[in-house]
Amino acid sequence: MKLIVEEARKWTKAGKVADYIPALGLANPHDLSIAIHSPNGECVSAGDIEKKFTLQSISKVISLALVLMEQGKEDVFERVGMEPTGDPFNSIAKLETMAVAKPLNPMINAGALVVTHMIEGNSVDERLNRLISFIQTLSADSEVNYCKEVAKSEYETAHLNRALCYFLKEHGVIQEEVEPLIDLYTKQCAIEMNCLDLARIGLVFAMDGKDPDTGKQLMPSAVARICKTFMVTCGMYNASGEFAIKIGIPAKSGVAGGIMGAVPGKYGIGIFGPALDETGNSIAGIKLLELLSENYRLSMF
Ligand SMILES: NC(=O)CC[C@H](N)C(=O)O
């Protein structure tokens, strides 16, 4: 595994750390780490595995799972669609041209903002805490929390996400005030962990929602299935098609450089490599997955 990480690390030079959220610009572009968690408790890891990173868009899969569990799929899919867009994650274009202003899927920002809007609770703190405690259960790490610095940095600069919210509010897709929603969304995106925790969460999805240690169902298998399907069709933004062909693993990436993979029935994968390619995916992380998928025949197709 060490050798594969060092091979893939060469690609970090060709990528760039995201800096549209200023605090993310401080990351070291040459970091790269991976953890692969198996159902029998075995975990293989290599690289800078202790480094923490914020989930960013990876949190969208987990908030979706929570909201599907709490509100059911009818309510969720009344407000957000199931189709990939082929557009960048923060694009507003399709929202305006669609007959109904319903975001096409929950993995783009517009759709994720609708899902976050649906997290229940009386205050931002209460809603955030419910999501964090769900994530603590999935990762089996009670220390998981959000990074205040990254949350603040995104909150201060999230003008495009505010624009998406105002558009959605105008069309009645969301009802709450925009500022608390942006507050909750930016804190959700700033939830941080290392690649070991992320691999553990990936494994729960891979195991159809079962806790790999206790066998307890942490989310219904139907919810895990919906999430994994979105990971295949839109998990890697507008590079999801190419990723499915080359790698063939349900995966979700975030602009901090994380990738969560769920190889159905087999492994959970957590990767961190903050240098990104032009679609916003970890450039060396994708290389790493390409090498692994080829070597160990991980593609599900
Ligand atoms: N692609 C991402 O990871 C985007 C998440 C980020 N918090 C944003 O809304 O811009």
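This report covers the ligand site and the aromatic pairs of a predicted model.

## Ligand shell

The ligand is surrounded by Tyr20, Gln56, Ser57, Phe89, Asn109, Glu154, Asn161, Tyr185, Cys189, Tyr237, Gly254 and Val255. By class, six of these residues are nonpolar, five are polar and one is charged. Domain 1 (2-56 + 194-295) and domain 2 (58-189) each supply at least three residues to the shell.

## Polar contacts and cover

Two shell residues place a polar side-chain atom 2.7 Å from a nitrogen atom of the ligand: Glu154 and Tyr237. For Asn109, a polar side-chain atom lies 3.0 Å from an oxygen atom of the ligand. On its own the ligand has 300 Å² of accessible area, and the protein covers 99% of that.

## Aromatic pairs

The structure contains four aromatic pairs. In one of them, the ring centres of Phe53 and Phe272 are 4.6 Å apart and the planes meet at 5 degrees, so this pair is stacked. Because Phe53 belongs to strand E4 (residues 53-54) and Phe272 to strand E9 (residues 267-272), the pair ties together parts 219 residues apart in sequence. Phe53 is buried at 3% relative accessible area, and Phe272 is buried at 5%.

Phe77 and Phe230 form a tilted pair, with 6.0 Å from centre to centre and 40 degrees between the planes. Phe77 is in helix H2 (residues 59-79) and Phe230 in helix H10 (residues 221-234), so that pair links parts of the chain 153 residues apart. Phe77 is buried, with a relative accessible area of 12%; Phe230 is also buried, with 5%.

Tyr20, Phe89 and Tyr237 are linked into a cluster by ring pairs, and these residues also belong to the ligand shell.

Technical notes. Residues are numbered from 1 along each chain as its sequence is written. This is a predicted model: local features need pLDDT of at least 70, side-chain atom pairs count only at pLDDT 80 or more; totals for chains, interfaces and linings use all residues. Side-chain values use heavy atoms; hydrogens and water are left out. A residue is near a molecule or strand if one of its heavy atoms lies within 4 Å of it. A polar contact is a pair of N or O atoms within 3.5 Å; within protein, one must be able to donate a hydrogen and the other to accept it, and residues adjacent in sequence count only if both atoms are side-chain atoms. Accessible areas come from the Shrake-Rupley method with a 1.4 Å probe; for residues, only the protein chains shown count as cover. Ala, Val, Leu, Ile, Met, Phe, Trp, Tyr, Cys and Pro count as nonpolar, Asp, Glu, Lys and Arg as charged, and the others, Gly among them, as polar. Domain bounds come from an automatic or database domain assignment. Rings of Phe, Tyr and Trp (its six-membered ring) pair if their centres lie within 6.5 Å; planes under 30 degrees apart count as stacked, over 60 as edge-to-face and the rest as tilted. Helices (H or I, at least four residues) and strands (E, at least two) are DSSP runs, numbered from the N terminus. Buried means under 20% relative accessible area, exposed over 50%, partly exposed in between (1.4 Å probe, protein chains only).
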